[in-house]
Amino acid sequence: MTKPDITVHKTALADTTVCITGTLDQLTRKEAEELVIEAGGTISSTVTKNTDVLIAGEKAGSKLKKAKELDIPIRREKDLIKAVAVDYSMLHLVPVEPEK
């Protein structure tokens with residue numbers, strides 16, 4: 001596993017709750033969680049209706065199933081890296097509710 005050299009934008013994941021599951025290719029789980037936190041996001045150990053995005057690696061199990069049931073966007077490790085390495089939020093990956 002070779003950790004990519006990433007300059008993290010501190011607000012890329014502001015107000016975003018991320019859950020991580022499965023085996024990642026480039027990062028350890030701890031490294032991925034640290035990236036999310038450094039980019040202003042919050043880590044959730046479980047998938048709930050409050051989860052904004054699930055990062056799924058190989059051998060993802062029950063969290064993946066739950067995310068599909070709740071219509072939570074599922075992305076790969078590379079999407080996480082791309083999101084924190086550039087200054088935009090992963091919220092564009094999450095369906096936006098229309099204003100009432």
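User: Buried means under 20% relative accessible area. With that cut-off, what percentage of the residues of the chain counts as buried?

Analyst: A friendly note to start: this is a predicted model. The chain exposes about 6300 Å², and carbon and sulfur atoms supply 49% of that area. Of its 100 residues, the share that counts as buried is 39%.

User: Which pattern does the chain follow along the sequence?

Analyst: Let's begin with the parts list: the chain has three helices and four strands. Read along the sequence, these elements give the pattern β-α-β-β-α-β-α.

User: In which order do the strands of the open sheet stand?

Analyst: We can build the order from the pairs. Strand 1 pairs with strand 2 over two bridges, in the parallel sense, and with strand 3 over four bridges, also parallel. Strand 3 in turn runs parallel to strand 4, joined to it by two bridges. Put together, the open sheet of four strands has the order 2-1-3-4.

User: Which strands stand at the edges of that sheet?

Analyst: The order of the sheet is 2-1-3-4. An edge strand has a single partner strand, so one side of it is left without a neighbour in the sheet. The strands placed like this are strand 2 and strand 4.

User: Which residue of strand 4 is the bridge partner of Leu-54?

Analyst: It helps to look at matching positions across the sheet. Val-18 stands opposite Ile-43 in strand 2, and Thr-21 stands opposite Ala-56 in strand 3. Moving on to strand 4, the bridge partner of Leu-54 is Ile-74.

User: Is the β-α-β crossover from strand 1 to strand 2 right-handed or left-handed?

Analyst: Strand 1 is largely enclosed by the rest of the structure, because four of its five residues are buried. From strand 1 the chain crosses through helix 1 to strand 2. The hand of this β-α-β crossover is right-handed.

User: Why do the buried residues of helix 1 line one face, and within what arc do they fall?

Analyst: The buried residues here are Ala-32, Leu-35 and Val-36. Seen down the helix axis, they line one face because their directions are confined to a limited arc. The face turned away from this buried side carries the exposed residues Lys-30 and Ile-37. The arc that holds the buried residues of helix 1 is 100 degrees.

User: What do the buried residues of helix 1 pack against?

Analyst: Leu-35 is a handy example, since it lies in helix 1 and is buried at a relative accessible area of 5%. Leu-35 and Leu-80 are 45 residues apart in sequence, yet their C-alpha atoms are 8.6 Å apart in space. Taken together, the buried residues of helix 1 pack against strand 1, strand 2 and helix 3.

User: Which element supplies the largest share of the largest nonpolar core?

Analyst: The largest nonpolar core has 16 residues, and Leu-13 and Leu-80 have the most contacts inside it. Strand 1, helix 1, strand 3 and helix 3 each supply at least two of its residues. The largest share is four residues, and it comes from helix 3.

User: How many residues does the other core have?

Analyst: This second core lies apart from the largest one. Its members include Val-47, Leu-54, Ala-56 and Ile-72. In total, its number of residues is seven.

User: Which elements are included in what covers the buried residues of helix 3?

Analyst: Helix 3 has Glu-77, Asp-79, Leu-80, Ile-81, Ala-83 and Val-84 among its buried residues. Their cover includes helix 1, strand 3 and strand 4.

User: Does Leu-70 count as buried, partly exposed or exposed?

Analyst: Leu-70 is found in the loop between helix 2 and strand 4. Leaving aside residues up to four places away in sequence, Leu-70 touches Val-47, Thr-48 and Lys-49. Buried would need under 20% relative accessible area and exposed over 50%. Leu-70 has 34% relative accessibility, so it counts as partly exposed.

User: How far apart are the C-alpha atoms of Leu-70 and Thr-51?

Analyst: Contacts between distant parts of the sequence are part of the picture here: among those joining residues at least 6 apart, 65% link residues at least 24 apart. Leu-70 and Thr-51 are 19 residues apart along the chain. The separation of their C-alpha atoms is 9.3 Å.

Methods: Residues numbered from 1 in each chain as written. Predicted model: local features only at pLDDT ≥ 70, side-chain atom pairs only at ≥ 80, totals over all residues. Heavy atoms only, no water. Core = buried A, V, L, I, M, F, W, Y, C linked by side-chain atoms within 4.5 Å. Buried < 20%, exposed > 50% of the residue type's maximum accessible area, 1.4 Å probe, protein only. Arc of directions from axis to C-beta. Contact = heavy atoms within 4.5 Å. Pairing = 2+ DSSP bridges. Right-handed = clockwise from strand over helix to strand, strands pointing away. Areas by Shrake-Rupley, 256 points an atom, 1.4 Å probe, with all protein chains shown as cover.
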